[in-house]
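Biologist: Please walk me through this structure. I would like each label set against its rule.

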Amino acid sequence: MDARTLLYRCRSADEEDLPRKKIALRTAHAIAQAIDPSITASAFMDRAANVVKRVYGGSAQDSYITTTMSLVSNFSENIDVYLAAVINALVVQLNFQTRIFLDGNQFALFDGQDEYFALAMLHGNVTMGIHLTPEARQVTLPRWANISPALEINADRMHHLPPDLVPIYQKANGCRSVGTVLVVNPSVDSGEFSLAERYSFLQGSVTQDTTFCVAGPAEMVFHAAADLQRMHPQAQLNLKAYRALFGRAEEYRAIMLFSGLDAVPEIVVRPGLSRPCEFDLKLVDLDENLTSVSYGNDTIAGRRNSEADGPARGVWEKAAVKAPFHLSSSAPLPAEARERISSEFEIFHSSLAIRDGILIPSQDAHHCTFLYATGEGRVLNDYGSDPSVTPIYTEGWLDEQGVRHGILHGRTLKRVRGPAMPLMFTPLLHKWHSHFMIQCLPRIRIVRDLGLDMTILLPDDMRKKQLEMLERLGFGPSKIVMMAPDELVQADMLYYPWPWRLGFTTYTSKVYDEIAAGIETSHIISPKRILISRESRKSWRNLINYDSVRHMLVEDFGFEVISPEKLSLSEEIAAYANAEVVVGAEGAGLYGAVFSGPKTKYITVCDEDYVMPILGSLAAIRGFDIGYVFGESFRSDRDVERRLPFGHADFIIDVDRLSQAVRHAISP
Amino acid sequence: MLQVDIDGMTADFDLSHFQEVEKWSASLEGQLRAKALSASLNEHSSEVIIEECARSIAEAANWFFLLTELLVTAEISPAVMAVAQRVVQAHNPAHPLARKGGQPAFAVEICDAIRDSSGIHFRMPGVPSTFSEALAVDPQDALSRCDRVRLNPAHEKFVIPLDDITWFDKNMMACPSFIILAQLDR
């Protein structure tokens, strides 16, 4: 069968397909379990859903795709199975022996999203595959490759090469022509390009039999198809528009296959998709498409603004900060800092709901933010984030009425049916586990309070432990949509909670009670005196004399060093719950204190600029004692204006002061 | 909803999302629209899609090429044949395949028919034996090679009398692929 039949012979599965599907799935599940025994049938089926729902090609091809792609889907998330099946068929059909004998070896040229290269090359055992990359690099196979004969890849035939090396490899491998050119989800960063220009090195290698495949967002492929039809009406063109499903999200995508040309066509590919937008939406514009939503009326103790209009509607929750049992500092503490660890503060609970709302990540070296827009592209100006720092805004233009316009770009747009909410309020926030614990994970409570079957929007590079915590709160893969930094997400109703300030409250800390209650830890033995390691820290706020601190605590007081990031969730819970004294630098490592109770004493070390009420607010909730030992920061006086409130300088601690604090903590 | 069980674990799969392709592919025109809708027929076989697909094929200058490509490439289904019937109706209303509205009761491509002295034998799982007459169509040339045939049920199979398909090579034991299609009112 020709690869193009996959475009036509695909349909939703029905009862008659089940016997075949089941045999294929059983094989795949057995292979998956042999590799990772923790993969349950239930999790396997969840991830294989896209493969099960559709019939791909004829019955034999469907068996092959069901086995291979259900396995791949269990090891690589967010794979567009349909696209993978088509590009794989295009490569495997180049193995055709008679074609090789008569026409000579052919190669496959791949250009686009990395993970699809291996999928294209699956079982393409004699076909040379060249992945176009800026520089030559070693082949790294995905985890699933060659784990079973069902997932065989010949790495010897795969190459990552820059354009100028392609003709050299082609000649060296005796390839007379290019059998297929696969342009798969090209990056938005590359901007629009002409195929003829980009693949000029293929001159003389294209024949009437060369099949071109352009795949990506429907909008991008439709433009390219229209170009082709206008400029090369003689080309044999097939076009498939389809919805790719990624859990609760769907993407409108398309694949075009064409052949019958003697050269690379001049057509232009505009990667990704674009939407016009304007920066004119303000909170005074609240209407049925942009509403203010209050939550936690029954679950948050606080001051209510239930009568207020618009975004002022919500609940102010008070957070107490526990007075320290010990405070020592090597440098003068600014008055503001002393106040911060002494005074209670408030967190505002409120949310907006945007009908057909679009979530727009924007980040570069200087900023990182989410923008929110209505379905018509009206970007919200004055709630939570500042659009004027984004390139979408600065590269935009003013119209005669003074309204700023811009263009939203995305590699793709994921459409989520029903309500959805990002767990983070900026795209990279989860990278700092402390922010994840304080300001992100507790948002699950908002979801519950709203009483909606909400889809949670997450970055696609979450830590395993972060995902485990979510799953334990009932938000496993079936309720999550992952988004890459260059993707847009649009939901029927997009919820946008007001970002919380840094600090724990009774409301936000509750999720950790729930997580701990669901995990048995009584069998785990853990140390009583713990030093939270700083050894893996490679960025800012380094405790430069950490080794001296460690030596003193271990030798003089019998502390043991733990690295929470290396512990399992149950080990982590046990460590913090069982400890009597914990010493650590202010940060995520100390916020495992969410699992501690009144019997633990905490000593937080930090510099005089980084004085935070986070652990103090948690101490007030959990009832443990807290002591502070402030050292001295490495910070120029020229930076004094920017040191507060959250300076992130490297620092040193007076070891003797810390020793006194520990003595104080362990004294009866 | 589709229910699948493996190793004692049952999972339900909601299939309701394969709808409304016509809305988001609306920007396509002419042949491109015909090709995109042809490729989607088996996933989106609503009356709107069938009508829109038939119209865009029938209006194209190379409508016969597009029709043949559809019949040769797609998995044959009542929706695919409903499109074919409407396209032929637009160009040759007297043709046996020409028909307005509705989908045929069944339409399936037979790849594994064999002949013996009594006729051409093939299986059509799920098709009731009450159907006695149908059209046998060559997907490569639906206009010239389309015959009314008798369908005789015989031991979970159907048999077409040899003489009913005029365009078959009667010397072949294994028959070429052909489409069997029965109308709603027959």
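Biologist: How does the radius of gyration of chain A compare with that of a compact globule?
Modeller: Chain A has 29 Å, and a compact globule of 668 residues would be near 26 Å, so the two agree. The radius is taken over C-alpha atoms, and the globule rule is 2.2 Å times the number of residues to the power 0.38. The C-alpha atoms of chain A fill a box of roughly 90 × 65 × 55 Å along the principal axes. This is a predicted model: local features need pLDDT of at least 70, side-chain atom pairs count only at pLDDT 80 or more, and totals for chains, interfaces and linings use all residues. Residues are numbered from 1 along each chain as its sequence is written, while chains are lettered from A and ligands numbered from 1 in the order written.

Biologist: How many helices and strands does chain A have?
Modeller: Chain A has 21 helices and 34 strands. Both are DSSP runs, numbered from the N terminus: helices are H or I with at least four residues, strands are E with at least two.

Biologist: What makes β16 and β29 of chain A edge strands?
Modeller: The open sheet runs β16-β32-β31-β30-β28-β29 in chain A, with parallel pairing. β16 (326-329) and β29 (560-562) of chain A each have a single partner strand, so one side of each lacks a neighbour in the sheet. Strands pair if DSSP finds at least two bridges between them. β28(A), residues 529-532, has 3 bridges to β29(A). In one of these strands, β29(A), Glu560(A) is the bridge partner of Ile530(A).

Biologist: Which strands does helix α21 of chain A touch?
Modeller: Helix α21(A), residues 655-666, packs on the sheet and touches β16, β30 (581-585), β31 and β32 of chain A. Contact requires C-beta atoms, placed from the backbone, within 7 Å. The direction of α21(A) makes about 170° with that of β32(A).

Biologist: Why is α3(B) called oblique to α5(B)?
Modeller: The axes of α3(B), residues 47-58, and α5(B), residues 78-91, cross at roughly 40° and come within 9 Å. That angle makes α3(B) oblique to α5(B). Under 35 degrees counts as roughly parallel, over 145 as roughly antiparallel, 65 to 115 as roughly perpendicular, and the rest as oblique. Axes are lines fitted to C-alpha atoms, for helices over the stretch in contact, and angles run from 0 to 180 degrees between N-to-C directions.

Biologist: Which residues of α3(B) meet α5(B)?
Modeller: Ile50(B), Cys53(B), Ala54(B), Ile57(B) and Ala58(B) do.

Notes:
Two residues are in contact if their C-beta atoms, placed from the backbone, lie within 7 Å.
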